[in-house]
Amino acid sequence: MDVLVQMMANAPLLSIIIFLPLAGAIIITLMSPARTHTIKWFAFWVSVVTFGISLFLLAGGGSFEHFSHVEQYTWLPQIGVSYHIGVDGISLWLVLLTTLLLPVSILSSFSAITKREKEYYILLLLMGFALAGTFVALDLFLFFLFWEAVLIPMYLLIGIWGSGRRIYAATKFVLYTVVGSFFMLLAIIGLYVYADSLGHATFDFIWLRSHLAPPELQTWFFLAFFLAFAIKVPLFPFHTWLADAHTEAPTAGSVLLAALLLKMGGYGFIRFCLTLFPEASVSAAPWVMALAVISIIYGALVCAAQTDFKRLIALSSVAHMGFVMLGIFSFANTSIGQVGATIQMVNHGVTTGALFLLVGVVYERRHTREIAQYGGLAAVMPQYYNVFLITMLASVGLPALNGFVGEFLILLGAFRADWALGGLATFGVVLAAIYLLTMFRKVFHGECTNPENRKLLDLNARELGYLVPLVLLMLWIGLYPKPYLGAIKPAVDNTVKSVMRIATGSISYARSGEKAAAVLAQVQPAEPTGGDA
Amino acid sequence: MGVSFAAGKVSALLPMGVIVLAALLLVLLDVLWRGRANRRLAAMGAVAVIVAGIAQLVYFPRIPAQVFSGALKFDGFAAIVAFAVLAILLLTLILSPAHVARMGLRGGEYYALLFLSASGMMLLPAARGLVSIIICIELVSLPLYVLAGYNRRLAFSREAGFKYFLLGAFASAFMIYGAAFIWGTTGTLWLSGIAESLPSPENRALLLLGLGLLLVGFGFKTALAPFHAWVPDVYEGSPTPVTAFMAAGVKLAVFAVFLRVLMEGMMPLAEFWRLGLYVLAVITMCLGNLLALHQMSLKRLLAYSSITHAGYLVLGLVAANAEAISAVLFYLLAYGAAVIGSLALVAAWAVRGTDDVYISDLRGAAERQPMAALALTLFMLSLIGFPITAGFIGKVLLFYAAYKAGYIALLIIAIINTMVSVYYYLRVVQAMYILPQEERAKPAEPAKSGGDAGGALSPVAWPYLTVVLVSAVVVLVLGLVPRSLLVWLSIYSF
Amino acid sequence: MDYIYLAIVFPLLGLLVNGFFGRRMTRRAVGTIASLAILGSFAVSLVAFFDYLDAGEAARSIILLPWISLPPLEISYGFLVDGLSLVMALAVSLVSFLIHVYSTGYMADDDGYPRYFAYLNLFVAMMLTLVLADNLVLMFVGWEGVGLCSYLLIGFWYKRAAPSVAGLKAFVVNRIGDFAFLIGVFLVFWLYGTFRFTELRQSVETVALAGHLPITLIALFLFGGAIGKSAQFPLYVWLPDAMEGPTPVSALIHAATMVTAGVYMVSRMSFLYSMTEVAMLVVACVGAFTAIFAASIALVQNDIKRVLAYSTVSQLGYMFLAAGLGAYWIAIFHLFTHAFFKALLFLASGSVIHGVRGEMDMRKMGGLAKYMPHTYWHFLIGAMSISGIPLLAGFFSKDQILFAAFTSRPGIWPHAGMVLWVVGVVTALFTAFYMFRQIYLVFLTKPRFDTDEIHPHEAPASMIVPNWFLAVGSVFAGYIGLPALFAGILSLPNVFQPFVSGALAGAGHVAEAAHGAQELIKEVLTTSISVVVALVGLGLAFYLYQVRYGVTEKLKKAFAAPYRVLLNKYYVDEFYNATFVQPGRVMCEQLSRAVDLGIIDGIVNAVAFVIGALGQILRPIQTGFVRNYAWYIGGGAVLLVILLWLGLGAK
Amino acid sequence: MESIVTYSLVLSAVLFTMGVLAVLVRRNPLIMFMGIELMLNAANLAFIAFARHLDKLDGQVIALIFMAVAAAEVAIGLAIIVSIYRFRRDVDVDAVNSLRG
């Protein structure tokens with residue numbers, strides 16, 4: 001075993017994680033479309049192996065404060081592009097989440113997908129490839145490459161295997177995302193030109209991080225990046241693609257969308273915006289926080305009115321990702337908010353992913369997403385009821401489940417940064433309970449009147465196989481988040497250092513009430529001085 | 001330079017010499033073989049192209065070679081363009097025989113004309129005086145007028161040839177008239193000379209008039225709005241291989257020389273023509289995109305897309321900095337590869353009696369011909385400028401050049417247009433992958449819903465397939481590992 | 001005492017066993033395992049209790065594991081063992097155990113048997129986490145956990161609509177409280193940089209910030225949580241509906257334990273509350289108002305369990321009244337006694353319902369005493385205890401609350417004490433009345449049900465035995481915390497107060513004061529008044545429902561309007577429904593339809609449409625006529641030349 | 001600038017404009033084509049005039065070259081127009097717009 005660990009420690013882990021799915025996809029292209037069984041299992045095992053390998057990232061036991069497992073090869077020296085990847089505490093868990101959810105979503109599709117399986121599994125593997133790449137790229141050029149590479153597979157996934165207005169949804173998804181990303185490309189080129197003007201033409205994140213652009217430039221770049229990421233997240237006014245895409249996509253598609261694609265936005269913010277444009281981020285913080293709070297409240301309220309099972313969960317992501325945004329931009333003299341946001345991204349991935357899988361389970365049996373069509377399932381599908389209950393509670397943010405850890409930290413940080421917005425956001429916790437529990441009630445409680453539902457089968461082994469791990473993860477993160485936070489904290493501190501220095505200088509936290517500040521002056525030893533420590 | 005008729009290093013002329021000879025030879029052979037030797041002619045032509053390529057390689061002008069007292073100056077830049085032209089010609093040759101046969105045309109002049117036009121393209125980037133430039137452009141265009149209308153059985157083709165010719169001649173008249181004024185005000189037609197002997201600022205009106213008229217000509221050849229109107233009609237009407245040849249070749253050659261004219265001859269006047277081109281670029285991009293949105297015919301769609309791309313390329317001209325040269329050239333190559341590939345598929349799938357494919361015909365292609373569908377998708381992505389394709393690198397380089405020159409506003413317009421363009425390129429992908437056979441993609445508009453045969457796509461024959469594969473490879477290679485090309489471009493710019 | 005966490009582990013084990021294998025085990029096994037788990041917790045708490053005494057009553061806080069640790073933020077699985085938490089742990093585990101045993105009988109023929117006990121075990125675990133936690137956040141875990149269990153258990157019979165709605169209501173209303181609670185927690189951290197009670201207490205008491213706004217804010221926000229959890233006005237509405245759950249659940253969660261969490265929390269944070277008179281007064285007033293408000297509703301209710309529910313609300317009001325006056329130990333003391341007699345009452349009512357085939361309307365009962373003597377006695381003892389009949393548990397605790405009110409002189413409003421006392425006394429009157437009204441309606445008056453239809457029967461032993469234990473508790477629990485007066489007379493020292501006071505602030509100034517001579521006189525006075533009041537209430541009930549049985553109908557007609565108001569609980573639910581629920585629903589639908597799909601998505605689609613339309617509009621310029629094209633070229637030439645000349649003009 | 005030059009320039013301008021107008025307004029392809037020839041010759045005239053003005057021979061040479069170009073165009077152009085004739089008797093360019101949109 002140790003030998004294996006050693007071997008893996010030296011191997012280019014990240015590259016393997018990224019390219020294994022791609023290789024798998026290519027191999028599948030050579031298979032005959034008729035042999036669906038082989039294709040399914042092959043895809044599944046490829047993803048499982050990838051996951052297994054990705055676990056070795058942890059084996060080294062090193063701290064993830066700085067980028068580890070870094071690989072850098074010059075690619076296009078003429079234009080200063082290099083294949084530069086690495087993982088730190090922030091991206092680590094997102095990468096693992098990706099490699100975990102890939103097999104899960106593949107497994108969840110076995111019986112759900114009945115046409116053109118070959119293409120389907122190829123595309124899923126491609127998604128895994130692109131997503132993993134996005135989270136580890138340390139070269140803006142490379143990052144953009146992976147970022148865009150996600151679009152087409154998802155477009156086809158929604159378009160071909162989706163339901164209802166799938167073509168509309170797919171097109172909307174691509175166009176909407178493209179709008180953001182091309183502006184980001186412009187900003188990336190701008191950064192490149194700026195680097196060039198310093199006599200070092202490069203897209204390299206590490207270099208750019210140590211040579212920040214002047215504030216007025218930052219503002220423009222920030223806006224461009226902001227648009228791209230805000231659409232992905234999605235932040236309040238840019239969220240309408242989400243409902244359609246998530247709703248019409250096939251189950252696995254929704255899972256990947258909610259669990260990972262949205263994270264690309266949050267990750268982008270914390271990795272690039274905060275690091276490369278600290279001044280801009282700080283001055284934008286109040287606005288972004290405001291938008292985040294609007295997303296939280298608005299998303300929750302809109303959810304409450306949904307009659308479509310999947311659409312409701314989709315929109316709930318707006319609210320939940322609002323929390324993440326709030327955390328990322330809550331600049332105080334502590335990094336609690338950002339740490340919370342980072343862990344919350346993982347949580348949301350697990351929880352919402354599981355929710356979509358659960359919806360998929362009944363959708364596959366009943367082929368309807370109308371909440372009204374269900375009711376009284378608790379009696380018919382007890383296992384399903386329990387799993388759903390736990391997942392939903394995690395999503396509501398019940399303590400001792402993963403959702404709470406993230407939301408608590410985020411709100412703690414946000415409250416420090418701006419007590420008013422923090423307080424408002426806290427109210428989102430109440431709303432989450434309202435819409436989720438109401439939905440839960442409609443679906444599971446009451447007499448099971450509809451004969452269709454009476455003969456519904458409970459979860460089978462395969463379904464349990466991909467749901468239980470997620471549930472365990474919810475409990476683990478909820479009860480003992482230490483390992484996760486332990487890896488995240490140093491990396492986040494290290495990431496937000498510069499932002500914090502600026503933020504604590506500026507007004508953005510004096511707003512937590514002069515009174516409190518005054519008191520803080522007197523109270524101490526216990527004055528919290530986190531973040532930049 | 002002066003007036004001395006020093007022949008200079010004629011060896012540099014060898015490649016296009018080969019091509020011209022080949023052209024004449026092909027005519028003769030055609031007569032000998034009584035016009036029943038379509039394939040053989042093509043083969044012969046291919047051989048000639050390869051020979052020319054070798055010659056080009058052997059006499060690669062590491063140090064620029066002057067010919068005819070500097071009327072032609074061969075340098076690396078010209079050589080790279082020449083190579084590209086040869087490649088395009090070769091691909092066209094591979095496409096042609098099968099297509100010519102399918103359309104029931106005679107081989108002979110067809111190939112000869114192709115070769116003549118190609119020789120003009122090879123000369124263009126080397127041309128150093130307005131006269132030689134204009135002559136070369138004519139040399140490129142005249143054969144194409146004929147080729148456009150070559151498919152005489154089809155009204156479309158006849159009409160295309162007719163329109164192309166009438167408007168082309170019209171435009172070149174402007175060009176020549178412009179040249180007259182430039183010469184009159186500067187006393188020289190050598191690009192280098194013009195830059196040196198500009199009249200004093202106050203009496204530049206005539207010079208600018210001349211420049212303006214000259215730009216009209218270039219605008220026409222490069223399909224800038226409002227001189228673009230012929231493009232869709234001609235592209236749609238011409239025999240598909242010819243369309244490919246035009247789209248890739250003419251754009252390449254003319255843009256190359258356009259770049260030279262502006263940057264070697266007119267740089268001191270930059271402040272003037274930048275404004276003009278700026279406006280043209282905006283109109284071109286927007287118009288091209290908007291008109292492309294609702295096209296039913298894939299060929300016509302590509303025509304409009306070529307207009308749009310011309311608009312993007314003007315960014316490089318406006319920027320007119322060192323970066324722009326290699327950027328524009330790279331972009332042209334990337335575009336050429338993608339457009340030839342897609343047109344090869346159009347030719348391969350051409351519905352009976354139309355020499356064209358409607359987007360609605362593409363339905364179900366992904367399932368029937370996955371590889372071809374994949375390739376077409378790749379080309380579409382490259383045209384959008386999606387990562388891992390040549391188009392992406394091209395766009396990045398181009399935008400970089402423009403950004404560096406400080407044309408942010410223009411860039412933003414370009415970017416917005418790129419977003420819009422995603423929609424219609426995706427329509428093609430959508431038709432192939434998503435839309436099932438039975439249901440309609442968009443309500444096919446009455447005028448052009450002709451070929452809605454519902455995905456009766458003929459399998460792709462090997463010549464088409466070869467071209468498709470080659471262009472696909474090029475698109476990918478230029479997208480992933482364009483190292484060496486970038487190196488050459490950086491060395492052999494001017 | 002480091003083993004104290006076992007008290008939480010046992011029930012969790014019970015949960016796991018019953019949760020996973022319950023369906024494959026016999027009911028007997030399930031019930032036994034569940035009960036044993038709780039017995040285990042009780043044993044642990046008991047051992048801890050004695051160790052604590054040996055250790056000289058020194059508070060211990062044990063840190064088991066780190067939970068969320070982001071220095072300076074340190075939240076750990078830490079437990080605080082002191083008088084307060086021990087009393088709570090003992091009471092909780094004991095009562096829970098008895099109720100578990102009772103449940104084995106009560107739920108005997110319910111098909112959700114394993115699920116029921118799994119939830120119940122989880123509840124106990126969470127409740128113990130709540131009381132044993134040594135920091136606010138872990139307390140919040142228990143806080144929310146018990147909320148969850150209450151949600152699950154109220155909605156236990158999910159097939160019927162009412163319970164599942166009630167559960168939802170309970171959870172949401174509690175969440176509203178938790179929202180305030182959370183904000184309080186955040187404030188605490190940003191002010192004091194810690195969540196641990198011990199450290200908090202230090203920094204609060206070392207840095208004198210009495211009356212400082214932030215502290216008042218913290219106190220009020222935390223109290224907001226208590227209002228939700230302990231069903232105080234205006235968030236009490238969920239508790240009466242919670243009666244939809246199985247009766248043992250009502251006894252355990254909605255009477256004895258969970259609902260008292262708020263009181264516990266306030267006492268736990270007493271060091272902070274005693275820093276801010278404003279907050280204290282608010283607590284006291286809210287408590288007092290809730291007490292009389294709920295009691296008045298209880299007067300006319302007909303559902304046997306709802307009466308008890310409102311009585312619970314009102315008793316909780318008493319506790320907050322005490323806490324608000326700084327008499328924390330009395331609050332806890334009343335909590336302690338209340339746990340016994342209220343649990344007893346509920347269980348007894350459960351037996352009644354069980355005996356009359358699930359009938360809950362007291363108007364359809366009567367004369368049950370002869371069918372179910374044990375239950376009758378249980379109920380009677382409970383009723384006497386709660387109405388403050390002398391020498392029973394309830395009497396002592398309530399009496400001291402009233403005395404505290406009578407003697408207290410809050411700085412900011414000196415007369416508050418007197419006012420609150422009057423309120424308390426009136427409430428006591430109401431209490432006595434509605435309890436005995438219940439006794440008469442249920443047990444004594446002649447039967448009002450079809451005797452051939454229904455044959456009421458006594459409950460099985462498994463239900464009676466636990467009740468006897470509780471009955472004993474309801475009688476004697478008071479004797480460990482006697483007021484000074486009786487302590488003197490009966491020479492029984494008050495052991496309760498010193499035991500818990502270590503954990504509390506201000507160490508109950510009321511009690512020391514009681515040694516003064518005229519204080520004794522005051523005490524005699526108040527005591528006698530409350531005795532009289534209790535007897536009056538009893539007598540009134542006796543008169544109306546026994547002597548002149550039926551007169552109530554006339555009274556209802558005479559006082560139709562007030563009666564209807566009371567019967568409909570002051571229309572509070574209707575009010576909330578009209579002001580929050582319905583408008584909220586409408587707003588959400590409008591937001592979703594009009595704003596989200598209408599405006600925001602509308603704009604997106606509009607942009608797309610406009611671009612597409614432009615494309616269509618422009619197509620005609622491509623006429624296909626050569627001459628038009630030529631025109632374009634000519635025009636373009638002119639345009640171009642002009643543009644170039646513009647540059648000339650600029651120069 | 002001596003008058004003869006100016007006059008001939010003005011003349012060439014007039015010729016050019018007439019040519020353009022011919023293309024723009026006439027519907028017979030032959031006439032349009034003539035217009036184009038007119039434009040070309042206007043250009044040549046301009047060259048000659050400038051040659052006089054600059055007192056360089058180049059202009060006249062250039063003019064000759066462009067005549068050749070014009071000739072080539074004529075050859076091609078007539079061929080194309082004739083091929084159109086073959087298929088449609090009436091040669092109204094406004095009838096030729098099957099390609100549009």
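1. In chain C, C:Pro234 sits in the loop that runs between helix α8 (213-229) and helix α9 (238-241). The peptide bond leading into this residue, from C:Phe233 to C:Pro234, is cis, with omega near 5 degrees. As with everything below, this is read from a predicted model.

2. A cis bond also joins C:Pro71 to C:Pro72, again with omega near 5 degrees. Here the setting is a loop between strands: C:Pro72 lies between β1 (60-70) and β2 (73-81) of chain C.

3. Another loop of chain C to look at is the one between α25 (560-567) and α26 (572-618), where C:Lys569 is found. C:Lys569 is not a glycine, yet its phi is positive, at about 50 degrees. C:Tyr570 lies in the loop between α25 and α26 too, and its phi is near 60 degrees, a positive value in a residue other than glycine.

4. Are C:Lys569 and C:Tyr570 buried or exposed? C:Lys569 has 21 other C-beta atoms within 10 Å, and therefore counts as buried. C:Tyr570 has 13 other C-beta atoms within 10 Å, so this residue is classed as partly exposed.

5. For chain C as a whole, the model shows 27 helices and two strands. The C-alpha trace of chain C spans about 120 × 70 × 60 Å along its principal axes. Chain C has 651 residues, of which 58% count as buried. Of the contacts in chain C with a separation of 6 or more, 80% are between residues 24 or more positions apart.

6. Which chains share the most contacts? Five pairs of chains touch, and the pair with the most contacts is A and C. On that interface, 51 residues of chain A meet 48 residues of chain C. Several helices of chain A supply at least two residues each to the side that touches chain C, including α13 (278-304), α15 (336-366) and α22 (482-505). The largest share comes from α19(A), with twelve residues. Sorted by class, the side of chain A that touches chain C has 31 nonpolar, 13 polar and seven charged residues.

7. The contact between chains A and B takes 23 residues from chain A and 23 residues from chain B. On the chain A side, α6 (140-149), α7 (151-161) and α8 (166-197) each give at least two residues. Among these elements, α8(A) gives the most, with 13 residues. The side of chain A that touches chain B has 18 nonpolar, four polar and one charged residues. Chain A and chain D, by contrast, do not touch, and their nearest C-alpha atoms are 25 Å apart.

8. Confidence in chain A deserves a check. Its mean pLDDT is 90, and 94% of its residues reach 70 or more. Over residues 507-533 of chain A, however, pLDDT stays under 50, although the model has 64 contacts beyond four places in sequence for that stretch. Where pLDDT is low, the predicted coordinates should not be read in detail.

9. Helix α14 (residues 309-328) of chain A allows a simple check of geometry. At 1.5 Å a residue, its 20 residues should span 28 Å; the end C-alpha atoms are 29 Å apart, so the two values agree. This helix is mostly covered, since 20 of the 20 residues in α14(A) are buried.

10. The largest nonpolar core has 748 residues, and those with the most contacts inside this core are B:Val85, B:Leu124, B:Leu315 and C:Ala343. Helix α13 (residues 322-349) of chain B brings the largest share, 22 residues. What does B:Leu124 touch, leaving aside its neighbours within four places in sequence? Its contacts are B:Ile133, B:Cys136, B:Ile137, B:Val140, B:Ala253, B:Val254, B:Ala256 and B:Val257.

11. B:Leu476 belongs to helix α18 (residues 462-480) of chain B. Why does B:Leu476 count as partly exposed? This residue has 16 C-beta neighbours inside 10 Å, and a residue needs 20 or more to be buried. The C-alpha atoms of B:Leu476 and B:Ala256 are separated by 23 Å, and the two residues are 220 residues apart along the chain.

Methods
Residues numbered from 1 in each chain as written. Chains lettered and ligands numbered in written order. Predicted model: local features only at pLDDT ≥ 70, side-chain atom pairs only at ≥ 80, totals over all residues. Contact = placed C-beta atoms within 7 Å. Helix = DSSP H or I, 4+ residues; strand = E, 2+ residues; numbered from the N terminus. Nonpolar A, V, L, I, M, F, W, Y, C, P; charged D, E, K, R; others polar. pLDDT = per-residue confidence, 0-100. Expected span 1.5 Å × (residues − 1). Buried ≥ 20, exposed ≤ 12 C-beta atoms within 10 Å, placed from the backbone. Core = buried A, V, L, I, M, F, W, Y, C linked by C-beta atoms within 7 Å.
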